[in-house]
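The following exercises are to be worked with the sequence and the coordinates at hand. Each task is followed by a solution in steps.

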Amino acid sequence: MLIGEVARRSGVSARMLRHYESLGLVRPAGRTGSGYREYSGEDIRRIFQIESLRSLGLSLREIGRALDDPGFTPAALVDDLITRTRERIAAETELLTRLRRIDAVDPAVWEDVLQVVALLQALGSKSAGVRQSAALSSGDEVPVPVPVEALAEAALSETEPNVAGALRWALARSGDGAPALLAEGLGSPVAAVRERAVRSLAEMPGAEATERLRQALAAPDAVVRGYAALALGARGVTDAVPTLVDMIVDGRNDIDAADALSTLAGDTATADRIATMLVDRLAHEATDAPGRGRLTQALAAVPGAKASDALVELSHDEDRPVALTATYLLRLRDTR
């Protein structure tokens, strides 16, 4: 078979076939009477083998080794190809992410593109000061803001407290989209990422952030539930009450939790509900002395007759520290 026919059937150009021959990958031994190369069935099979290996990403030199070295084992080469392919995919994915973030700010001129690139590079800097400056720059009156997706990603990975605070501040000013991006971090397998996500959501204004925090009350991570409950308490969301009571029982940010319950107890119905829940936990679940003491102290910050009646009863409790605490708190209530 002549080279033109081989090229037609194999899909490999005549020029590439000659290149293969120059590298020694294919050696058509036959010649026609006119001196043209003549390819045998074995030569054509070899060409298809070369093309198959090229489709795996092997270089022509690696293909030559694979086909001609009887002792060659492919395992190491295939492992290397897997590593190289993963690295290439990671690099391409990073590039695609960067391009999407640039596109999201709708740049008008090349100066805008360059500014976004500079901001993205600054957010990824090894210098905490540079990262913080990049976050704070989103608050300036600049024509091109830091992309919100980049801010959220940075906030979920930032370990430096000052930079993390700047990123949360920037996200709170970033508008729509940030709560959903941060909420993704709540499902992270890394506890620190989950905490950063809920702390960032706690500083986000608006109904969407509030709804994400309300959903976080059902999270399996107690730290996430705690931050969400404190933030919701400050926003007047009574769904946080059971979690706040749990925090008092467990001694996790119990002072802040008690303050949040006091804030929520703004009307008689809610105040009585909170007092009832605290008393129920005192009676049935909080068996350790410190937990009972914390619940008693929390009642002091709850207004209304229900809390006062509970304190009167607790002033006669068999647990002397609880009784003394309740008596003292009643005196304080009487002086108000």
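**Exercise 1.** In which helix is Met247 found? Determine also whether Met247 is buried or exposed, and list its contacts beyond its neighbours in sequence.

*Solution.* The model is a predicted one.
Step 1. Met247 belongs to helix α14, which comprises residues 241-250.
Step 2. The relative accessibility of Met247 is 1%. Buried means under 20% relative accessible area, so Met247 counts as buried.
Step 3. With neighbours within four places in sequence set aside, the contacts of Met247 are Gly226, Ala229, Leu230, Arg252, Asn253, Asp254 and Ala257.
Step 4. A C-alpha distance may be added: Met247 and Arg225 lie 22 residues apart along the chain, and their C-alpha atoms are separated by 9.3 Å.

**Exercise 2.** How many of the 10 residues of α14 are buried, and against which helices do the buried residues pack?

*Solution.*
Step 1. In α14, 7 of the 10 residues are buried, and the helix is mostly covered.
Step 2. The buried residues are Val241, Thr243, Leu244, Val245, Met247, Ile248 and Val249.
Step 3. The helices against which these buried residues pack are α13 (222-234), α15 (254-264), α16 (268-284) and α17 (289-300).

**Exercise 3.** Examine the backbone that follows α14. Which residue has a positive phi although it is not a glycine, and where is its place?

*Solution.*
Step 1. Gly251, just after α14, takes a positive phi of about 75°.
Step 2. Most residues other than glycine have a negative phi. Asn253, which is not a glycine, nevertheless has a positive phi of about 50°.
Step 3. Asn253 is placed in the loop between α14 and α15.
Step 4. The relative accessible area of Asn253 is 41%, so this residue is partly exposed. Asn253 is also one of the residues in contact with Met247.

**Exercise 4.** Is Glu62 buried or exposed, and which residues does Glu62 touch?

*Solution.*
Step 1. Glu62 is located in helix α4, residues 60-68.
Step 2. Its relative accessible area is 15%, so Glu62 is buried.
Step 3. When residues up to four places away in sequence are not counted, Glu62 touches Gly57, Leu77 and Arg84.

**Exercise 5.** At what angle do the axes of α1 and α2 cross, and which residues meet in their contact?

*Solution.*
Step 1. The axes of α1 (residues 3-10) and α2 (residues 14-23) come within 9 Å and cross at roughly 105°.
Step 2. Because of this angle, α1 is roughly perpendicular to α2.
Step 3. From α1, Ile3, Val6 and Ala7 meet Ala14, Leu17 and Arg18 of α2.
Step 4. Classified by type, the residues of this contact comprise 5 nonpolar, no polar and 1 charged.

**Exercise 6.** Describe the protein as a whole. What is its radius of gyration, and what percentage of its residues is buried?

*Solution.*
Step 1. The protein contains 19 helices and 2 strands.
Step 2. Its radius of gyration is 34 Å, well over the 20 Å that the globule rule gives for 336 residues, so the protein is more spread out than a compact globule.
Step 3. Along the principal axes, the C-alpha atoms fill a box of roughly 120 × 50 × 35 Å.
Step 4. Buried residues account for 40% of the 336 residues.
Step 5. The exposed area is about 18700 Å², of which carbon and sulfur atoms supply 53%.
Step 6. Among contacts with a separation of 6 or more, 52% involve residues 24 or more positions apart.

Note on methods: Residues are numbered from 1 along each chain as its sequence is written. This is a predicted model: local features need pLDDT of at least 70, side-chain atom pairs count only at pLDDT 80 or more; totals for chains, interfaces and linings use all residues. Side-chain values use heavy atoms; hydrogens and water are left out. Axes are lines fitted to C-alpha atoms, for helices over the stretch in contact, and angles run from 0 to 180 degrees between N-to-C directions. Helices (H or I, at least four residues) and strands (E, at least two) are DSSP runs, numbered from the N terminus. Angles under 35 degrees count as roughly parallel, over 145 as roughly antiparallel, 65 to 115 as roughly perpendicular and the rest as oblique. Contact means heavy atoms within 4.5 Å. Ala, Val, Leu, Ile, Met, Phe, Trp, Tyr, Cys and Pro count as nonpolar, Asp, Glu, Lys and Arg as charged, and the others, Gly among them, as polar. The radius of gyration is taken over C-alpha atoms; the globule rule is 2.2 Å times the number of residues to the power 0.38. Buried means under 20% relative accessible area, exposed over 50%, partly exposed in between (1.4 Å probe, protein chains only). Accessible areas come from the Shrake-Rupley method with a 1.4 Å probe; for residues, only the protein chains shown count as cover.
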